[in-house]
Amino acid sequence: MEESTRKKSLDSNYTEIDLGEVLKIFKQSKLRIISIVVLFSVLALIYSLFLPNIYQSKALLSPVGEETGGINNAFQNYGGIASLAGISLLGQSSDKNYIKALDKLVSLSFFSDHILPNIFLPDLMAVRSWDPYTNEIFYDEKIYNKQSQKWVRDFEYPRNQIPSAQESFEVFIERHLEIDEDDDTGFITISIKHHSPLVAKEWTELIVSELNYFFRVKDKAEAQAAIDYLNLQIALTSFAEIKEVIAQLMQQKTQQLTLIEVSDYYVFEYIDPPALMEEKYEPNRFLIFFLGTVLGLILGMFNALFRYYVMGKKSK
């Protein structure tokens, strides 16, 4: 028992001696540690100052209600009767357009067909900075020459001189686009980050507009195809009951077409439209400076211990 107590006491004294020795080492090397901390702090500050400001424009969206719910219900009610005559009715899918829209938004096809043709590609692939006083965007001269309006970047296979749709899509998804869905409210937030707050706002508006346009055109074509199909079936059947059902379905499909035509916000409507932001979103220069200072302190202390224990033993 006494031996165990004595061992604990020795271990305690050894720990105290070690801590005291470490503090003594830090005190002796304080000038070196301070120098390293100052060096890293200055480097972090300079680095943060060279980082361009990034602005983020957000659109808070609400999925548009199922305006065609009554039509879909009618299809379900009459589907059994129509099937007796061998009629396969369209438009019975229960999928919501806004769910499809979120998946469509992050697809290469949507970017290639609806985003890429409506943006200035150098704003995506060659932007370097933005001047808030002149509203001018500056480009990396090693990538894009603004005066000659030509791409001058070095490239290797599979890349091309002019960035392809696939390469541009990767940059757009990874660096610029953010999507967030609130599980409680069902609201969707679509945001774009860019050096220029004007470009960020324009691209956010473009996304919402093109998503609404894509699904409005898609549903319009499907509704018109359904009407054409029903017109064909009503001419082929001789059953009065089936003709009555088809006539009602055609009427409701016609109403659906009308709703599609008059609705600008077909999939999403704005709760809060994107704004031209005045305050930057990133970088957090104070955080970069703080992390640089902490890193310098850690490296300074490690350097002091290394010189004392490792270099000191070699000198002995």
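A residue counts as partly exposed when its relative accessible area lies between the buried limit, under 20%, and the exposed limit, over 50%. With that in hand, here are some close-up views of this predicted model.

**View 1. Asn 135 and Gln 149, two loop residues with positive phi.** Let us start with the loop between β2 (127-131) and β3 (136-139), where Asn 135 sits. Its phi is positive, about 55°, although Asn 135 is not a glycine. At a relative accessible area of 41%, Asn 135 is partly exposed. Gln 149, in the loop between β4 (144-145) and β5, also has a positive phi of about 55° without being a glycine. Gln 149 is exposed, with a relative accessible area of 61%. For context, most residues other than glycine have a negative phi, and most peptide bonds are trans.

**View 2. Two cis peptide bonds that lead into prolines.** Tyr 157 and Pro 158 are joined by a cis peptide bond with omega of about 15°. Look for Pro 158 in the loop between β5 (150-151) and α7 (165-176). Another cis bond links Glu 282 to Pro 283, with omega of about 5°, and Pro 283 belongs to the loop between β8 and α10.

**View 3. Strand β7 and its partners β1 and β6.** Seven of the seven residues of β7 are buried. One side carries Ile 188, Ile 190, Ile 192 and His 194, the other Thr 189, Ser 191 and Lys 193, and all of these are buried. In a regular strand the side chains alternate between the two faces of the sheet. β1 runs antiparallel to β7 and is joined to it by seven bridges, with Ser 57 opposite Ile 192. β6 pairs with β7 over five bridges, again antiparallel, and here Glu 181 faces Ile 188. Six residues separate β6 and β7 in their hairpin, and Gly 186 in the turn has a positive phi of about 80°.

**View 4. The buried side of helix α4.** Asn 97, Tyr 98, Ala 101, Leu 102 and Leu 105 are the buried residues of α4 (97-105). They lie on the same side of the helix because they cover an arc of only 140° around its axis. Their cover includes β1 (55-63), α5 (108-115), β6 (177-181), β7 (188-194), α8 (197-236) and β8 (268-272).

**View 5. A nonpolar patch on the surface.** Together, the patch residues have about 850 Å² of accessible area; among them are Leu 45, Leu 49, Phe 286 and Ile 298. Helices α2 (30-50) and α10 (285-315) each supply at least two residues, and α10 gives the largest share, seven. Val 294, in α10, is partly exposed at 33% relative accessible area.

Notes:
Residues numbered from 1 in each chain as written. Predicted model: local features only at pLDDT ≥ 70, side-chain atom pairs only at ≥ 80, totals over all residues. Heavy atoms only, no water. Buried < 20%, exposed > 50% of the residue type's maximum accessible area, 1.4 Å probe, protein only. Helix = DSSP H or I, 4+ residues; strand = E, 2+ residues; numbered from the N terminus. Arc of directions from axis to C-beta. Contact = heavy atoms within 4.5 Å. Pairing = 2+ DSSP bridges. Patch = residues over 30% accessible without salt bridge, like charges linked within 9 Å, V, L, I, M, F, W, Y side chains within 5 Å. Areas by Shrake-Rupley, 256 points an atom, 1.4 Å probe, with all protein chains shown as cover. Salt bridge = Lys/Arg side-chain N within 4 Å of Asp/Glu carboxyl O.
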